[in-house]
Every structure is written in structure tokens, then in C-alpha cells.
2 protein chains.
Amino acid sequence: MNHALAVALIQTASEQTPADNLARQIARVREAAADGARLILLQELHNSRYFCQVEDPALFDLAEPVPGPSSETLGALAAELGVVIVASLFERRAAGLYHNTAVVLDSDGRLAGRYRKMHIPDDPGYYEKFYFTPGDTGFEPIDTSVGRLGVLVCWDQWYPEAARLMSLAGAELLLYPTAIGHDARDNAAEQQRQFDAWRTTQRAHAIANGLPVLSCNRVGHEPDASGQSPGIHFWGASFVCGPQGEMLAEAGGDEAIVHARIDMARTETVRRMWPFLRDRRIDAYADLSRRYRD
Amino acid sequence: MNHALAVALIQTASEQTPADNLARQIARVREAAADGARLILLQELHNSRYFCQVEDPALFDLAEPVPGPSSETLGALAAELGVVIVASLFERRAAGLYHNTAVVLDSDGRLAGRYRKMHIPDDPGYYEKFYFTPGDTGFEPIDTSVGRLGVLVCWDQWYPEAARLMSLAGAELLLYPTAIGHDARDNAAEQQRQFDAWRTTQRAHAIANGLPVLSCNRVGHEPDASGQSPGIHFWGASFVCGPQGEMLAEAGGDEAIVHARIDMARTETVRRMWPFLRDRRIDAYADLSRRYRD
């Protein structure tokens with residue numbers, strides 16, 4: 001068994017036209033694969049700009065079925081290159097029923113599985129509750145030729161419950177396509193706190209579960225079509241950390257392909273030293289399923 | 001309502017004789033109170049060296065009942081100074097039944113409550129399962145004159161479940177008396193990963209729950225009486241962070257009193273911006289009460 005897995009995260013800016021964005025992803029995937037990556041993670045909703053800055057019914061036109069054109073194109077690409085691709089699509093499931101869906105294309109081109117974003121945010125500039133029905137997949141890892149993938153999406157990254165449920169189901173990696181950035185109206189100190197918190201919460205999932213974490217974020221400024229806000233400056237900073245939360249590779253704020261080699265045997269080593277799963281007080285956790293303990 | 005709470009963490013080295021250690025804690029509490037602290041957190045098992053480096057039945061002699069001599073002494077001190085003290089004791093509950101117990105002495109001297117460490121570690125140098133029966137208090141915050149305190153202990157700091165249950169029960173602060181350090185047999189890189197992970201996991205509880213976190217750790221080298229290991233070099237680094245995980249105050253590796261002022265209104269502000277409690281998928285969390293999803 002080969003314990004080193006070469007992974008790549010593709011962090012890009014986004015244009016208006018979906019076809020242009022998908023073409024860019026494809027070109028970068030080819031580049032990442034040529035440089036040795038076996039598992040390639042794309043950013044959240046990579047086929048478009050982050051359209052959730054406004055609530056506009058016309059934007060549901062951006063959605064597509066899964067399986068559908070993008071998943072088929074990426075599946076064929078995965079098969080051609082012999083890589084696993086984790087992509088992020090705006091899924092049209094039925095009229096009036098849409099999801100923010102991660103899809104996993106295995107190295108034989110097969111749609112190995114999908115994860116429909118379970119935790120949906122809604123705050124100024126991120127009006128996702130308008131577009132995305134909360135997922136009904138639950139937190140189930142997806143088996144692939146490179147391992148069992150715990151695929152989650154963006155807002156999920158703030159929830160230790162999601163990461164834990166994936167690790168309890170045997171996930172070997174946690175992966176987060178994401179789209180997050182600064183609001184120019186926040187001062188530099190607030191922007192820094194938000195950025196640090198975003199990295200910290202995800203590194204903590206690695207630590208709590210003894211699993212590597214891959215997080216892929218977009219870059220660049222995208223305007224708010226409504227003109228109500230200055231738009232979002234996506235901060236990039238895609239990263240890969242190991243099962244103690246240690247940084248293995250990280251990007252800055254520009255377009256980048258982040259490569260890392262993950263030692264898949266290290267989870268076993270780390271969990272023998274820090275056997276957190278051994279000592280969980282499952283007899284005392286029932287209230288985690290309550291909204292509030294009042 | 002005064003929204004600023006002055007807190008202090010007392011991080012000390014430990015001597016062989018319990019009376020000496022308690023006297024040192026008392027002196028430092030007086031100093032912290034004189035400098036304005038209203039809430040004072042002591043380190044884990046502050047009345048003794050960290051005796052769990054060996055399994056020795058004679059060491060159960062270090063335990064005492066709660067209420068008992070130490071809780072009464074500290075309660076009287078809390079009343080005299082008008083402060084809340086969070087202390088950490090080796091509790092003898094019955095013959096053969098001992099706990100690692102945090103006690104909260106309110107500013108009127110009353111024993112406001114106790115928390116019996118729920119997650120018990122056991123790894124080389126930290127043989128706690130020999131000494132401490134897993135707690136049966138559950139995760140219940142303790143009400144005091146300075147707020148509702150989510151008191152947890154050391155190994156709990158690695159469990160997001162514990163922090164979440166405290167926040168769901170209305171905790172306004174999370175507090176961790178702790179005892180953790182380096183093993184000289186680990187190389188510098190491993191020591192650094194462990195140290196970073198320890199800070200990161202606790203900062204992440206602040207972030208996930210929108211709560212300040214106080215963590216108080218001991219310092220100094222303590223030998224392993226069995227001679228089997230080089231002992232533990234406790235790394236100190238006690239800290240206070242705010243509800244976005246941002247550092248408010250932190251100590252180095254020497255004895256110190258860490259002071260911080262906590263803006264108790266900031267949790268409301270932060271949770272309005274990051275309303276993680278709003279979006280929890282409680283319909284999909286039942287498996288958190290399973291040992292493993294196999």
C-alpha cells in the first residue's frame with residue numbers, strides 16, 4: 001500500500017460566464033495532474049461567480065442536474081487523467097428544489113457520490129438560504145480509489161459535528177470546497193480575526209479527528225450586483241493540513257495550485273498517541289441533538 | 001450591567017508538599033485580586049505535582065473530600081476578596097471512588113458547584129484512568145456572581161462535544177484548568193505540533209460557540225518518580241481568547257499571572273454575525289452518540 005497521496009487544490013478567480021470558468025478549472029486540473037496530483041479539490045461553486053450576494057430568481061438558471069453536463073465533463077476528465085476530482089456544483093434537483101452539492105468523480109470517471117451541503121448560511125452577502133435547500137444526504141463519506149473522502153462544503157467548516165460524523169463513518173480525509181472573503185466595510189482587525197478563525201476552526205477538525213484537512217477557497221474581488229455592498233474580496237489561502245492541524249501547504253491571495261503529499265499512515269500514528277475516539281462520553285452526548293438546552 | 005469582566009489565570013510550578021502549593025495559590029490569588037481580577041482560574045490539580053506520571057495506590061492519599069479542607073479554604077478566600085475562584089482538586093468521593101474535580105467558589109464563599117472531569121486520558125506519563133473515575137456530572141455550567149461558567153478540565157479540551165454542550169446550556173465562558181507539557185523524548189517539531197494543536201483546539205471551541213475561553217496550565221519540569229521517562233516539562237502558555245478565538249492575553253513558560261478584560265457583550269455581537277447555533281442540523285446529529293458508525 002502506497003501511503004503517500006499527492007493532492008492538489010485549485011484556487012482561482014471567477015468570470016461571468018460559466019463556460020469560461022469550467023474551462024479554467026479543466027485546464028488547471030490537467031496542470032495539477034501533470035504535476036502528479038491524484039486527488040484534486042476545486043473551490044465552491046467554481047462554475048460561476050459567487051451569485052449568492054443577491055437574491056435573484058433568474059440566477060437559478062445557473063443550476064444544472066447531477067448527473068449533468070458538468071459532472072459528466074469532469075468525470076470524463078477524471079477518467080482521462082486517472083485522478084479523483086472533488087467538484088462543487090449548483091444542483092437542480094426539481095423545480096424549486098436546488099442544492100449546493102459537492103460531487104466526487106472517481107479515477108474511472110464514475111460519479112462516486114455526492115454531498116449536499118447540510119449547513120446553509122444566510123448573512124449579508126451570503127444569501128444562501130434563498131438558493132439552497134438544506135442537504136438530505138446526511139454526513140456520509142464517499143469511497144474512491146484514493147480513499148474514503150469526508151466531503152463537506154463551506155459553512156459546514158464551522159461545525160465540529162459535521163467533521164466528527166464524517167470521521168466516525170471512517171473518513172480518511174476531510175475536504176472543504178469553500179467561498180469566503182473579506183467585506184471591505186470591516187476594519188483590518190476584524191478581517192484578520194475572521195481569517196484566523198476560518199483557518200483555526202478547520203485545523204481544529206483535523207486535530208479533534210486525527211485527519212488531514214483540505215480546504216479550497218476562491219480568490220479575487222466579485223462585485224455585488226445590487227450595489228448594496230462593496231462586494232466580497234475572496235481571500236484564497238487554500239490549505240492542506242495534517243492530522244495534528246499542522247500546515248502542509250498553503251496558498252496566498254492569488255490564483256494558485258496548492259500541491260501537498262499526505263502521509264495516509266499518519267492518522268493511525270497520531271490516533272494511537274491522541275486516542276480521542278476512545279474516550280468520547282457517548283453516554284452524555286444526547287443533548288447535542290437539541291437546539292438549545294433550555 | 002457592566003460588560004467588562006476582569007479575569008486572571010494563575011500559572012505556577014509545583015512543589016512536593018500540598019500545603020506549600022496551596023499556600024502559593026492563595027498568595028497569587030490575593031495578588032490577582034489586588035490587581036483587579038474578579039474571576040480567577042487555577043491550574044489543574046494545583047495542590048500537588050502532577051502525580052499521574054506513575055500508578056501508585058499510596059498517592060490516593062493526596063485526595064480529599066469536596067466540600068473539604070481546600071474548598072473551604074478557597075471559599076473563605078473568595079469571600080474575603082470578593083472574587084470567584086475556579087479551582088481543581090483530587091476528590092475522594094468514597095473508598096475506591098475518586099474524581100478529577102473542578103470546584104467553583106463564588107464571591108460569597110459558597111461552593112457554587114463542581115464539575116467532575118468527564119473525559120479521562122490515559123497515555124504514557126498521564127495515567128489518569130488509574131486515579132480518576134469518569135465524571136457523572138455531565139456538562140452543566142455553574143452559575144456565579146460573574147456569570148454562567150462552562151468549567152471543563154484538561155483532556156476535555158480536545159472534545160468539541162464538551163464545549164458545545166456547555167454553550168447549549170448557556171455557558172458564558174469556557175474555562176479549562178489543565179496540565180500538559182512536552183516529553184523530552186519527542187523532537188522539537190513534534191513538540192511544536194502538540195503545542196500548536198493544544199492552542200488551536202481550544203481557540204476553535206471559542207469560535208464554534210462564540211464564547212471566550214480561559215485555559216490555565218502549569219509550568220516547570222516534574223520528574224517521573226518511576227524513572228521510566230524523563231518526566232514532563234509543563235509548557236505554561238496559559239491564555240485567554242475572545243469569542244472569535246482571538247488572543248486577549250497569554251503567558252510564556254514561566255510562572256505568571258495572566259490578566260485579561262473580557263467584553264461579555266461581544267458574544268451577542270459575534271453570534272449575530274456568525275449564527276452557528278441557528279443552523280445546526282440537529283435532525284442529523286444522532287450518530288454523535290455512537291462510538292463509531294460501523
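The questions and answers below go through the cavities, the pockets, one sheet and the chain contact of this predicted model.

User: How many cavities of 30 Å³ or more does a search of the whole structure find, and how much space lies in the largest cavity?
Analyst: Rolling a probe the size of a water molecule over the atoms shows where empty space is left. A search of the whole structure, counting cavities of 30 Å³ or more, finds 2. The space in the largest cavity comes to about 90 Å³.

User: Which element gives the largest share of the lining of the largest cavity?
Analyst: The lining of the largest cavity has 13 residues, and those closest to its centre are P160(A), A204(A), P160(B), A204(B) and H205(B). At least two lining residues each come from α5 (188-209) of chain A and from α4 (160-168) and α5 (188-209) of chain B. By class, this lining holds 7 nonpolar, 5 polar and 1 charged residues. The largest share, 5 residues, is supplied by α5(B).

User: Which residues line the second largest cavity, and how do they divide into nonpolar, polar and charged?
Analyst: The second largest cavity, with a volume of about 60 Å³, is lined in chain A by P160(A), E161(A), R164(A) and L288(A), and in chain B by P160(B), E161(B), R164(B) and L288(B). Among the helices, α4 (160-168) of chain A and α4 of chain B each supply at least two residues of this lining. Divided by class, the lining has 4 nonpolar residues, no polar ones and 4 charged ones.

User: Which elements give two or more residues to the lining of the largest pocket?
Analyst: The largest pocket has a volume of about 520 Å³, and of its 29 lining residues the closest to the centre are D123(A), P124(A), Y126(A), D183(A) and Q194(A). Its lining divides into 14 nonpolar, 8 polar and 7 charged residues. The elements that give two or more residues to this lining are, in chain A, β9 (181-183) and β12 (232-235).

User: Which strand gives the largest share of the lining of the second largest pocket?
Analyst: The second largest pocket, of about 400 Å³, is lined by 21 residues, and nearest its centre lie W274(A) from chain A together with D123(B), P124(B), Y126(B) and Q194(B) from chain B. Sorted by class, the lining has 12 nonpolar, 4 polar and 5 charged residues. The largest share, 3 residues, comes from chain B, from strand β9 (residues 181-183).

User: Why do β6 and β14 of chain B each have one side without a neighbour in the sheet?
Analyst: In chain B, an open sheet of 6 strands with mixed pairing follows the order β6-β7-β8-β10-β13-β14. The twist from one strand to the next averages 20°. One side of β6 (142-144) and of β14 (247-250) is left without a neighbour because these two strands stand at the edges, each with a single partner strand.

User: Which residue of β8(B) is the bridge partner of V151(B)?
Analyst: Strand β7 (residues 147-151) and strand β8 (residues 173-178) of chain B run parallel and are joined by 3 bridges. For V151(B), the bridge partner in β8(B) is L175(B).

User: Which residues of chain A lose the most area to chain B?
Analyst: The contact brings together 57 residues of chain A and 57 residues of chain B. About 5,500 Å² is buried between the two chains, and carbon and sulfur atoms give 56% of this area. On the chain A side, the residues that lose the most area, together 13% of what that side buries, are L288(A), R291(A) and R293(A).

Conventions: Residues are numbered from 1 along each chain as its sequence is written. Chains are lettered from A and ligands numbered from 1 in the order in which they are written. This is a predicted model: local features need pLDDT of at least 70, side-chain atom pairs count only at pLDDT 80 or more; totals for chains, interfaces and linings use all residues. Side-chain values use heavy atoms; hydrogens and water are left out. On a 1 Å grid over the protein atoms alone, a cavity is a set of points where a 1.4 Å probe fits but cannot get out, and a pocket is an open set with protein on both sides within 12 Å along at least five of seven lines; lining residues have an atom within 4 Å of a point. Grid points are joined across faces, edges and corners, and a volume is the space filled by probe spheres set on the points. Helices (H or I, at least four residues) and strands (E, at least two) are DSSP runs, numbered from the N terminus. Ala, Val, Leu, Ile, Met, Phe, Trp, Tyr, Cys and Pro count as nonpolar, Asp, Glu, Lys and Arg as charged, and the others, Gly among them, as polar. Two strands pair if DSSP finds at least two bridges between them. Axes are lines fitted to C-alpha atoms, for helices over the stretch in contact, and angles run from 0 to 180 degrees between N-to-C directions. Contact means heavy atoms within 4.5 Å. Buried area is the accessible area (1.4 Å probe) that two parts lose on being put together, summed over both.
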